[in-house]
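This report looks at where a ligand sits in a protein and at the pockets and backbone details around it. The sequence and the structure come first, and the description follows.

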Amino acid sequence: MRIDIITVLPELLQSPLSHSIIKRAREKGIVEINVINLRDYATDKYKSVDDYAYGGGAGMVMMIEPVYRALEALKKERQYDEIIYTSPDGIRFDQKLANKLSLLNNIIILAGHYKGVDQRIRDNLITMEISIGDYVLSGGELPAAVITDAVVRLLPGAISDEQSALTDSFQDDLLAPPVYTRPAEFLGWKVPEILLSGNTPEIEKWRLEQSIERTRRLRPDLLKDEK
Ligand code: SAM
C-alpha cells in the first residue's frame, strides 16, 4: 500500500510515522509512506500556500493552486483509490473505515490547516472527507497520523502475530478482553485463575465472555443489533 500525505507541516508527521509497527511495516516494504510539503508546489517566491478569505473574517484559507499542483504531480505517477481530506465535518473515522481503507492500494491524505481549505478543493479534487472526532484540532497532521496508524497495523505482515490486530477492540463490534502479564500476583491483586490454567478453549471462551460483558457495560451502542 502507498500513502501520500500532503501537509504544510511535514515535521509534525516525522515522529508518529517513524516508530514501532509503522516503522517496521515501512522497512519491510509493506507500506510506502510519503510526506509531501505543500510549499514545494507554491507558485510564488514566498512559497505561499494560504491567503485571506474572500468576504473577510478571521483566519487564513489554504489556496487551491498549490494543492491542485501537488495532486496532479502525484496522479501523474499512479492511480489513487481515494483522495482524503481530513475535516471535523467529515465522516467519522472508525475501525470499519480503517478496515476498508486497508484494502486499497494508493491513497492521498490532505491535511488541512488554518481555517481550512478553499471549498473548491473539497468540491472538485477530494473523494472522501474524514473526521477523527467532534473536536477541532489545529491541523490535519495528527488526524492523518491517526488514520495512517490505524490502517497500517491492519496490513498483512505489519503485526508479527497477525491475530493480534484481529482481536483488537471494535473488530466484530466488541471491545477487547482484559490482558495480564507477570507477576501472577501483585500486592494481593491476582490474575484470573483461568488464564493460568493452560486450557486454551476455556481461555478463549472466557475472553469472549469478557469482551461481551465489557461491551455491554461500556459501549452498549456497539451491540445495538443484539436480540
Ligand atoms: N474551520 C474549520 C471548522 O470549523 O471545521 C476547522 C479548521 S482546523 C483549525 C484546521 C484543519 O485541521 C482542518 O482543515 C482539518 O484538516 C484539520 N482538523 C481539525 N480537526 C479535525 C478533526 N476532528 N478531524 C479531522 N481533521 C481535523
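## The ligand and its pocket

In this predicted model, the ligand takes up the space of the second largest pocket. The elements that contribute two or more residues to the shell around the ligand are β5 and β7, and the largest share of that shell, 4 residues, is supplied by β5.

The ligand is surrounded by 20 residues, of which Tyr85, Thr86, Gly112, Tyr135 and Leu137 come nearest. Sorted by class, this shell consists of 9 nonpolar, 10 polar and 1 charged residues.

## Polar atoms facing the ligand

Which backbone atoms lie close to nitrogen or oxygen atoms of the ligand, and at what distances? For glycine 112, which is also listed among the residues that come nearest to the ligand, a polar backbone atom is 3.0 Å from an oxygen atom of the ligand. For isoleucine 132, a backbone N or O atom lies 3.1 Å from a nitrogen atom of the ligand, and for serine 87 a backbone N or O atom lies 3.3 Å from a ligand nitrogen atom. On its own the ligand has 580 Å² of accessible area, and the protein covers 83% of this.

## The lining of the second largest pocket

The pocket that holds the ligand has a volume of about 320 Å³. Its lining is made up of 21 residues, and those that lie nearest the centre of the pocket are Thr86, Ser87, Pro88, Val136 and Leu137. Two elements, β5 (82-92) and β7 (128-131), give two or more residues to this lining, with β5 giving the most, namely 4 residues.

By class, the lining of this second largest pocket has 9 nonpolar, 10 polar and 2 charged residues. Thr86 and Leu137 appear among the residues nearest the pocket centre, and Thr86 and Leu137 are likewise listed among the residues that come nearest to the ligand. Ser87, another of the residues nearest the centre, is the serine whose backbone N or O atom lies 3.3 Å from a nitrogen atom of the ligand.

## The largest pocket

The largest pocket contains about 420 Å³ of space. It is lined by 17 residues, and the closest of these to its centre are Thr167, Asp168, Pro177, Arg207 and Ser211. At least two residues of the lining come from each of α7 (163-166) and α8 (200-218), and α8 gives the most, with 4 residues.

How many residues of each class line the largest pocket? The lining has 8 nonpolar, 5 polar and 4 charged residues.

## Backbone details

Two points in the backbone deserve a separate note. The peptide bond that runs from arginine 182 to proline 183 is cis, with omega near 5°, and proline 183 is placed in the loop between α7 and β8 (185-186). The helix α7 that precedes this loop is also one of the elements that supply at least two residues to the lining of the largest pocket.

The other point concerns serine 20, which has a phi near 55°, a positive value in a residue other than glycine. Serine 20 is found in helix α2, which covers residues 20-27.

How values were computed. Residues are numbered from 1 along each chain as its sequence is written. This is a predicted model: local features need pLDDT of at least 70, side-chain atom pairs count only at pLDDT 80 or more; totals for chains, interfaces and linings use all residues. Side-chain values use heavy atoms; hydrogens and water are left out. On a 1 Å grid over the protein atoms alone, a cavity is a set of points where a 1.4 Å probe fits but cannot get out, and a pocket is an open set with protein on both sides within 12 Å along at least five of seven lines; lining residues have an atom within 4 Å of a point. Grid points are joined across faces, edges and corners, and a volume is the space filled by probe spheres set on the points. Ala, Val, Leu, Ile, Met, Phe, Trp, Tyr, Cys and Pro count as nonpolar, Asp, Glu, Lys and Arg as charged, and the others, Gly among them, as polar. A residue is near a molecule or strand if one of its heavy atoms lies within 4 Å of it. A polar contact is a pair of N or O atoms within 3.5 Å; within protein, one must be able to donate a hydrogen and the other to accept it, and residues adjacent in sequence count only if both atoms are side-chain atoms. Accessible areas come from the Shrake-Rupley method with a 1.4 Å probe; for residues, only the protein chains shown count as cover. A molecule sits in a cavity or pocket if more than half of its atoms lie within 2 Å of its grid points.
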